[in-house]
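The following exercises are to be worked through with the sequence and the coordinates at hand. Each task is followed by a solution in steps.

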Amino acid sequence: MQPSDLSAARRRMDALVEELNRHNRLYHALDQPEISDAEYDALMGELRRLETELPGEVRPDSPSLRVGAPPAEGFETVPHTSPMLSLDNAMDAGEMRAFHQRVLGLIGTEGDGSLAYAAEPKMDGAAVELVYEAGQLVRGLTRGDGQTGEDVTSNLKHVLSIPLALDVANGRPAPALASIRGEVVLPLAAFARLNEARVEAEEEPFANPRNAAAGSLRMLHDVDLRRLRSLEFRAYALVEGRPDDARQQIELLEILAAWGFGVSRESRVCSGVDEAIAFHEEMQQARGKLPIEIDGTVFKVNDLALQEQIGTLSRAPRWAIAFKFPPEQATTKVQAIDAQVGRTGALTPVAKLEPVQVGGVTVSNASLHNQDEIDRRDVREGDTVVVQRAGDVIPQVVRVVLDGHDDPRPAPYRLPAACPVCDAETVRLAGEVVTRCPNIDCPAQLKNNLRHLSARGALDVDGLGGKLIDQLVSAGHVGRLSDLFGLTAEQLAGLERMGEKSAANLVASLEKARNTTLARFLIALGIRHVGQTLAEILASHFGELEPLLSASEDDLGRVDGVGPTIAESVVRFFGDARNREEIERLRALGVRWEPAAAPRPQDGVLSGKTFVLTGTLSVPRDEARQRIESAGGKVVSSISKKTDYLLAGEKAGSKRDKAASLGVAILDEDAFEALLSGASPAD
């Protein structure tokens, strides 16, 4: 190799190492992949080819030397019973045949031979090791770096398909030590349900089932039990604790099934490479009909004695291979980008595509999520783009294809400054990725705002459920929030399943709801970031609505417990003429409140002390708050250096960690009671 070529190869290797390590961190540590598996594999393949040509130039931090991801900070790391290795990949039938010939050469067999393979679908999830002692689950580890993994036993115990004890009723006794390897996956139906809930809650949807599964296992605090219980574990290997009579890989799957583990029912033995390739093609055809995400097939020499003879390399066994599917992607054009307004006011940019077949489904729309995502991918109207179905479910734009022509591209897309539904000025608060319509009467979000207003923590309108709200809006009786308090019994009685008595009851409930408190009224307005605690802080500080309406961000910033984001949100909300008009109309229709609570006692045992509550307490939080305030203290929603105490109940999460890092005193309930009695927390 010429010196100039060598220099260029080194530069390319350096660039590939940096790029692949960045993608590894995004994938494993942050659960935010930027490229598809196929794109990652292509980069890794290029790096390995260069490293094969220049073995003396291999960097010590090359991702080709790693099995998995380094353990995440915050979890105890534990060595695996034996290394959890990766698998080499075959990308086409030719590479699969080359693997077969290598194996035949290693065992000294000429030609095609009659070598049998245990064939399984390659699950796209998170690999874990389960360790059982005397039949009882004692430990569950992530793959980690292959040598050690994160101990995520407590999270794995919520995965209902993982036996806490081996089932020995089928005649297979439990060994003293068993190491079971398998994949934690998120079934596609559960993935769709979870993403629907996340979109409803204004959270970013999961990119794919794999990342949703892996991320749930590595949650240290605020564990998502719903997500964990949606996961499924499928076993594929028994490493320690193999019975002496086991001779074949396929028998190990039968033993695991007898112990109570789920295994892939599609698994079978293939005789020779032609049957293996046929199995792969069969799985590729069936891929869209399976309940879980798969991205290829796995073939292992079925004879366990031959596996021992063939051996392993430092990072992968030589007797197994992953035959990957080609990515299910297609190229099309972006005809337009439209902003859609959700029920919570969030504006979501959606790419309108020339219809294209992707994985057997016609795709004509793809969410671009938010302005930051559009900017990062630089998607513009008229662009040619590669699209894929993330997790074979959600269409997404992978990248823009620049064809090299000199024709100027359109200007970058920006979300509109005015709501496309009601024409209100849109806002994006500091630190948030979502652009919103702040108009509480926006038709796109009216139903959701009505539900919020009538909730128990707000105006508590008894009898006003979701179906009735749908009817009221559809019938034209309620076109803005305040219309609710102008309803008559006659209007209501004309609705489906609404008789005279029910109508009279709702009118009475609305009359009762007119008498509220300033804090509840603020909650009912649906101001972003203003929940119960903040509403009570604002009501207590300002006493009445008028001074709050005219407060600046600086005024609000001086209120203990109100940060810059909250201050900006409140000022923007009250600065919108539509919202102020609606407030006046609500008051004109009889919505009124009591004067703000009397100032906290200045001589109470907690006077001047600020508290934050977290976790599950033995009493309702309202009661704990009232006890603090009656003793002169104040309750705020977020931890800062100004906070004096964190009252932490069971399952306290990230607030406890933040309090510890800021040196804020942390009280359990016994210490809290002592403080109320006048004792020092240290007594």
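**Exercise 1. Identify the polar contact at the start of helix H21 and state what follows the helix.**

Solution. In this predicted model, a side-chain oxygen of Asp-576 reaches to within 2.8 Å of the backbone nitrogen of Arg-578 at the start of H21. A polar contact requires N or O atoms within 3.5 Å, and the Asp-576 to Arg-578 pair lies within 2.8 Å. After H21 comes Gly-590, with a positive phi near 100°.

**Exercise 2. Compare the expected span of helix H21 with the distance between its end C-alpha atoms.**

Solution. Step one: H21 comprises the twelve residues 577-588. Step two: the expected span is 1.5 Å times one less than the number of residues, which gives 16 Å for H21. Step three: the end C-alpha atoms of H21 are 16 Å apart, so the expectation and the model agree.

**Exercise 3. Determine which residues of H21 are buried, how they are arranged around the axis, and what covers them.**

Solution. Step one: the buried residues of H21 are Asn-579, Glu-582, Ile-583 and Leu-586. Step two: these residues cover an arc of only 105° around the axis, and therefore they lie on the same side of H21. Step three: the general rule is that an α-helix has 3.6 residues a turn, so residues three or four places apart point the same way. Step four: on the other side of H21, Ala-577 and Ala-588 are exposed. Step five: the cover over the buried residues of H21 includes helix H16 (518-524), helix H18 (545-549) and helix H20 (564-575).

**Exercise 4. Describe the surroundings of Ser-509 and classify this residue as buried or exposed.**

Solution. Step one: Ser-509 belongs to helix H15, residues 500-513. Step two: the relative accessible area of Ser-509 is 10%; the limit for a buried residue is under 20%, so Ser-509 is buried. Step three: leaving aside residues up to four places away in sequence, Ser-509 touches Asp-460, Val-461 and Asp-462.

**Exercise 5. Establish how many disulfides the structure contains, and explain why Cys-422 does not form one.**

Solution. Step one: a search of the whole structure finds zero disulfides. Step two: the closest cysteine sulfur to that of Cys-422 is in Cys-437, at 3.5 Å. Step three: the cut-off for a disulfide is 2.5 Å between sulfur atoms, so the 3.5 Å from Cys-422 to Cys-437 is too far for a bond. Step four: Cys-422 counts as buried at 17% relative accessibility, and Cys-270 is buried with a relative accessible area of 2%.

**Exercise 6. Locate His-369 and Asp-423, and state the sign of phi and the accessibility of each.**

Solution. Step one: His-369 is not a glycine, yet has a positive phi of about 70°. This histidine, His-369, sits in the loop between strand E14 (361-367) and helix H11 (371-377), and His-369 counts as partly exposed at 24% relative accessibility. Step two: Asp-423, also a residue other than glycine, has a positive phi near 75°. Asp-423 occurs in the loop between strand E16 (394-401) and strand E17 (435-436), and counts as exposed at 53% relative accessibility.

**Exercise 7. State how many helices and strands the chain has, and what share of its residues is buried.**

Solution. Step one: the chain has 24 helices and 23 strands. Step two: of its 683 residues, 47% are buried. Step three: among contacts between residues at least 6 apart in sequence, 67% join residues at least 24 apart.

Conventions: Residues are numbered from 1 along each chain as its sequence is written. This is a predicted model: local features need pLDDT of at least 70, side-chain atom pairs count only at pLDDT 80 or more; totals for chains, interfaces and linings use all residues. Side-chain values use heavy atoms; hydrogens and water are left out. Helices (H or I, at least four residues) and strands (E, at least two) are DSSP runs, numbered from the N terminus. Buried means under 20% relative accessible area, exposed over 50%, partly exposed in between (1.4 Å probe, protein chains only). The arc is that of the directions from the helix axis to the C-beta atoms. Contact means heavy atoms within 4.5 Å. A polar contact is a pair of N or O atoms within 3.5 Å; within protein, one must be able to donate a hydrogen and the other to accept it, and residues adjacent in sequence count only if both atoms are side-chain atoms.
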